[in-house]
Amino acid sequence: MRRRVTGPVAAFALLVVVSGCGLTSGSPMVDDVRPGSVGKGRPLKGAKLTVTSKEFTEQLVLGAIMGIAFQAAGAEVLDRTGIQGSIGSREAVKNGDADAGYEYTGTAWITYLGNSDPIADPQKQWEAVRDADRKNGLTWLAPSKLNNTYALAMNRANYKKYGTKTLSDVAALAKKDPKAVTVCVESEFANRADGLPGMEKAYGMRLPSGNITQMDTGIIYTQVRKGSCTYGEVFTTDGRIKSMNLAVMADDKKFFPNYNVAPSINSKALKKYPAIAEVLAPITKRLDNDVAQELNAKVDVDGEDPHAVALDWMKAEGFVKEG
């Protein structure tokens, strides 16, 4: 799973990798930007801030967005984005090797903080993470609407044929016509309590093992587009959903955890530079699944550079201007 590493063994292994690498790499961000609607008055002038992220597309874009905002506000920014695995970027902010990064509430609640039951209300989920992480020296700023969680999707031909719009509809179809509901999933999703087994239980759905095919994430999208699988496991902010014109089934019983993006800041850094909060607030507020799908697609479908995509978006939104 690209963003949710579970279990003490996995956590320990990633920490060994992080400590072995030392997090001494990184390069200065040198974007020629000045304040637009954010960073007016250069409230971070004189600050030296390090931004981090995980290694997948969405995180690389979000890390660049954060770093560009800090630069416009006057800070010198060190780029340590692209750390492999969830634990690495989290620990970097926690121990002060980095000052800030965009993180997911569900990942923090389940993977980092060790809870097994997600909180259905996204605001309450964020509040629970915010409160629990204070003792870890981390401050969570207000969350975005961007929710990168699981979903099932289908191509438009099958959508027209079967007419399912929600996971309850899929469950009903599985009972009425079991052969119609074939599903392509990752191996981890096929075995996780917050994946396929839990979803089947929550929706009263029983899929024969022959109807379930396990494969890599990227292959799932192409197989669903071709119709080889009626439904495929997707991530709700993946750019391929839009580019392939897939129909996403609504999680009407709110089974899947909320993975809303929010800035996670080292508390000491925020105390030293409180303007971080005001610089990021309007940007975070603008982030939602449509924005994420658009930006992710520019990288994953069109082959553009994540940092360039972030910079173009920041300019287009008026958050920053060319220097």
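Why is helix 4 (residues 105–112) largely enclosed by the rest of the structure? In this predicted model, eight of the eight residues of helix 4 are buried, so the helix is largely enclosed by its surroundings.

**Helix 4 and its cover**

The buried residues of helix 4 are Thr105, Gly106, Thr107, Ala108, Trp109, Ile110, Thr111 and Tyr112. Their cover includes three strands, namely strand 3 (48–54), strand 5 (100–104) and strand 6 (138–140), together with helix 3 (86–95) and helix 5 (122–133). Just after helix 4, Gly114 adopts a positive phi of about 75 degrees.

**Two nonpolar cores**

The largest nonpolar core has 57 residues, of which Leu44 and Phe70 touch the most other members. Helix 2 (residues 57–72) supplies the largest share of this core, with nine residues. When neighbours within four places in sequence are left aside, Phe70 is in contact with Leu44, Leu49, Val51, Ala75, Val77, Ala100, Ile276, Val279 and Leu280. A second, separate core has 37 residues, among them Val181, Tyr203, Ile220 and Leu246. In soluble globular proteins, nonpolar side chains tend to be buried together.

Tyr203, a member of the second core, is also one of the buried residues of helix 8 (residues 196–203), alongside Leu196, Gly198, Met199 and Glu200. The buried residues of helix 8 pack against strand 7 (150–154), helix 7 (167–176) and strand 9 (212–214). Just after helix 8, Gly204 takes a positive phi of about 60 degrees.

**The disulfide and Thr230**

A search of the whole structure finds one disulfide, which joins Cys184 to Cys229 with an S to S distance of 1.5 Å. The pair links distant parts of the chain, 45 residues apart: Cys184 belongs to strand 8 (residues 183–185), and Cys229 to the loop between helix 9 and strand 10. Cys184 counts as buried at 0% relative accessibility, and Cys229 counts as buried at 5%.

Thr230 lies in the loop between helix 9 (217–226) and strand 10 (231–235). Its relative accessible area is 6%, so Thr230 is buried. A polar atom of the Thr230 side chain lies 2.7 Å from the backbone oxygen of Ala180. Not counting residues up to four places away in sequence, Thr230 touches Ala153, Met154, Asn158, Tyr162, Ala180, Val181 and Thr182. Val181, one of these contacts, is also a member of the second core.

**Aromatic rings**

The count of aromatic pairs comes to seven. Two of the pairs share Phe189, and their geometry is given below.

| Ring pair | Distance between centres | Angle between planes | Class |
|---|---|---|---|
| Tyr150 and Phe189 | 4.7 Å | 55 degrees | tilted |
| Phe189 and Phe256 | 6.1 Å | 40 degrees | tilted |

Tyr150 in strand 7 and Phe189 in the loop between strand 8 and helix 8 are 39 residues apart. Phe256 lies in the loop between strand 11 (247–248) and strand 12 (261–266), 67 residues from Phe189. Tyr150 counts as buried at 2% relative accessibility, Phe189 counts as buried at 0%, and Phe256 is buried as well. Tyr150, Phe189, Phe235, Phe255 and Phe256 form one aromatic cluster.

Charged side chains are also placed over rings. The charged end of Arg156 sits over the ring of Tyr159, 5.4 Å from its centre. Likewise, the charged end of Arg240 sits over the ring of Tyr221, 4.2 Å from its centre.

Definitions and conventions
Residues numbered from 1 in each chain as written. Predicted model: local features only at pLDDT ≥ 70, side-chain atom pairs only at ≥ 80, totals over all residues. Heavy atoms only, no water. Buried < 20%, exposed > 50% of the residue type's maximum accessible area, 1.4 Å probe, protein only. Helix = DSSP H or I, 4+ residues; strand = E, 2+ residues; numbered from the N terminus. Contact = heavy atoms within 4.5 Å. Core = buried A, V, L, I, M, F, W, Y, C linked by side-chain atoms within 4.5 Å. Polar contact = N/O pair within 3.5 Å; in protein donor to acceptor, adjacent residues only side chain to side chain. Disulfide = S-S within 2.5 Å. Phe/Tyr/Trp six-rings, centres within 6.5 Å; stacked < 30°, edge-to-face > 60°. Lys NZ or Arg CZ within 6 Å of the ring centre and 35° of its normal.
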